[in-house]
Amino acid sequence: MNENKPIGYVVGGGLQENLRVRLTVPSQEIQEGAFVTIRSEDWQFYGLVTDLQLGATDPRFADEQSETRLPAGLARALHGQTLYTNLEVLPALMLELGPELDSPDYPEWAKKMGDQLPQVRPVKTIPRHHAEVRLAGQGDIAEIFGDPEQKDNFVIGFTREQNHPVCVDLKKLTQRSFGVFGATGTGKSFLTRIVLAGLINNNIASVLVYDMHNEYGYDDSSSDTGKRVVGLKTLFGSKVQVVGLGGGTLIRTDTPDFTLELAMHDLVPADVELLTNELNLRDTTPTTLHALQISFGKDWFKSFKNMNREQIDEIDEKGKLRKVPHPDSVAAWALTNGVNVMAAEGLHDKLRRLFDKSYIVEKPASDAISEMIRQLELGRHIVLSFGKFESDLDYLLVSNLLTRKIRERWEKTTNDFRNGQNPPRQLVVVIEEAHKLLNREMAGQTTFATIAREMRKYYVTLLIIDQRPSQIHDEVMSQLGTRISGWLGDEDDIHAVLSGLAGRDSLRGMLAHLQQKEEVLLLGWGVPMPLPVRSRRYDEKFWKEMRGSTDHAREERNKKELGY
Ligand SMILES: Nc1ncnc2c1ncn2[C@@H]1O[C@H](COP(=O)(O)OP(=O)(O)OP(=O)(O)O)[C@@H](O)[C@H]1O
Ligand SMILES: [Mg+2]
């Protein structure tokens, strides 16, 4: 299994404080984050180098520059005897390999195992003193992270020392909500494109992307190199439907597959309450909204929008002229319904920003929401591009409303499934700048938080992309199965990404030392153990591979249809 030469041997440490390994090769050959194996009797241990330390048998040997005082050969010999480098290794997994085939103990062990394959499991013990340590070879990596040749194992990156492919199990990845983090410019959107292409290509789940910055559907150009970046629509054709927000919207210069308009009667008071911060709403708002709904039912938004703010002159009983609210005004409605006039007028002012949205119409040209849901259920994928509607207000309102509908639908299908119908299609909802929807204030109210908490039972999970993970509610962060993180500089962000994970003290430095744009740390439930990797490139080679495999799949399908 091990194609690599030994790099050192265990000299101390333990499960709590990590293992200490004396390095027997030049320290430049090993980096923080290297994946190593330790063979100890019948067991193989797998661990991660979390630190390198210089040591000396006596501090004097380290302090004195003996190489300037002694002949070179002698100095080298002295250094060899007295100066050394230790690795700190976080032990993560162990696997029972059993005795050698020709050992007398083998038959008994084989009998005990029966036809069970040895299982990789979390470490519960430690290797012996002087156990040999090696860099993990391609076989070890495939043993732990999955064989790249096997279906659903998707190469996400490569080991940094030897460039061996490292896979994630796409099915497992989507079983719980997961996140892609990293400071701005570290490659989150690029890595997300790669993961989404993997999900689409392997037909693992339907994908719905809330594409706030119009990055995912059509081709784009890279912000730093200016080179062309192929979009998911280009890679997967009609399997990916690009939906533009608002009638007649163009996504830069491209015409989307169809457009989305919201019907006024689709808006419920909760959709507005969710915008409390964004619209700076007052605490009287829920009462006013409630009264509106009682007065007008589903038509509350339209009716409120159509109210005016005028006053008219009226002659009262004593023959005097006085001003009273126009019968169609906000004030008249408020007075007859026991609502505070100031509160109602204040809300009317603040909702003007919504009344003015051209994508909220009385009668949408088509039922785009149902069409989107239908496409997702059919196994297609939707990129909802916000076009020119790039404000937080648009993002919050539209994504929440739509997700609410989707949640209702998936809950229903799951319940039907329990009663014998077809199972729902696995769905991954992708949100960029997730903290806008999942910060502490919003998390209690948005459908997204509910999805993160419990929707995996209903076949819906989230892919959260964010540069400020510390701004996301801890409860949501703790629900994330897998975290893929690029470089982070801020202590709070690092803390948030590592929250709830074993060995986080050792992993902290690793996150802060990742190379910008090129490296990510794989973490959490969806990966067998933490590992930093050089992230896969989203480039011509990758696009060709995706296209090649879809061509291949098409060919296979054609053959089948033709009866071969
Ligand atoms: N996997 C990759 N393949 C090819 N290029 C990459 C990759 N990752 C990052 N890059 C390069 O880094 C640049 C920044 O990446 P990206 O746009 O994904 O950053 P980001 O983390 O999404 O940033 P922001 O938070 O500002 O949106 C890209 O324009 C690209 O040139
Ligand atoms: Mg981005």
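Me: Partly exposed means a relative accessible area between 20% and 50%, with buried under 20% and exposed over 50%. In this predicted model, why is D474 called partly exposed?

Reply: D474 has a relative accessibility of 47%. That value falls between 20% and 50%, so D474 counts as partly exposed.

Me: And what makes D474 and R440 a salt bridge?

Reply: Their side chains come to 2.9 Å, N to O. The cut-off is 4 Å, so the pair qualifies as a salt bridge. R440 has a relative accessibility of 43%, so this partner is partly exposed too.

Me: Where in the chain do R440 and D474 lie?

Reply: R440 is in helix α19 (residues 440–443) and D474 is in helix α21 (residues 474–479), 34 residues apart. The salt bridge therefore links distant parts of the chain.

Me: Let's try E96 and K112. Why is their contact called a salt bridge?

Reply: The N to O distance between these side chains is 3.6 Å. That is within 4 Å, so the contact counts. E96 sits in strand β5 (residues 83–96) and K112 in helix α4 (residues 106–113), 16 residues apart.

Me: How do you know whether E96 is buried or exposed, and K112 likewise?

Reply: E96 has 11% relative accessibility, which is under 20%, so E96 is buried. K112 has 58%, which is over 50%, so K112 is exposed.

Me: What about R69 and E64: what makes them a salt bridge?

Reply: The closest N and O atoms of R69 and E64 are 3.1 Å apart, so they meet the 4 Å rule. R69 has a relative accessible area of 55%, over 50%, and is therefore exposed. For E64 the value is 41%, so E64 is partly exposed.

Me: How many salt bridges does the whole structure hold?

Reply: The search finds 33 salt bridges. There is also a network of them that links R309, E345, D349 and R352.

Me: On to the rings. Why is the pair of Y210 and F448 called edge-to-face?

Reply: The centres of Y210 and F448 are 6.1 Å apart, which is within 6.5 Å, so the rings pair. Their planes stand at 90°, over 60, so the pair is edge-to-face. Y210 belongs to strand β11 (residues 206–211) and F448 to helix α20 (residues 447–454), 238 residues apart.

Me: How do you know that Y210 is buried, and F448 as well?

Reply: Y210 has a relative accessible area of 0%, under 20%, so Y210 is buried. F448 is also at 0% and therefore counts as buried.

Me: What makes F304 and F355 an edge-to-face pair?

Reply: Their centres are 6.1 Å apart and their planes lie at 80°, over 60, so the pair is edge-to-face. F304 lies in helix α12 (residues 300–306) and F355 in helix α15 (residues 352–355), so the pair ties together parts 51 residues apart in sequence. Both residues are buried, and they belong to one aromatic cluster with F296, W300, F301 and W333. The count of aromatic pairs comes to 15.

Me: One last one: why is R22 said to sit over the ring of Y84?

Reply: The charged end of R22 is 3.6 Å from the ring centre of Y84. The distance cut-off is 6 Å, so R22 meets that part of the rule. R193 sits over the ring of F190 at 4.8 Å from its centre, so R193 meets the distance limit as well.

Conventions. Residues are numbered from 1 along each chain as its sequence is written. Chains are lettered from A and ligands numbered from 1 in the order in which they are written. This is a predicted model: local features need pLDDT of at least 70, side-chain atom pairs count only at pLDDT 80 or more; totals for chains, interfaces and linings use all residues. Side-chain values use heavy atoms; hydrogens and water are left out. Rings of Phe, Tyr and Trp (its six-membered ring) pair if their centres lie within 6.5 Å; planes under 30 degrees apart count as stacked, over 60 as edge-to-face and the rest as tilted. Helices (H or I, at least four residues) and strands (E, at least two) are DSSP runs, numbered from the N terminus. Buried means under 20% relative accessible area, exposed over 50%, partly exposed in between (1.4 Å probe, protein chains only). A charge sits over a ring if NZ of Lys or CZ of Arg is within 6 Å of the ring centre and within 35 degrees of the ring normal.
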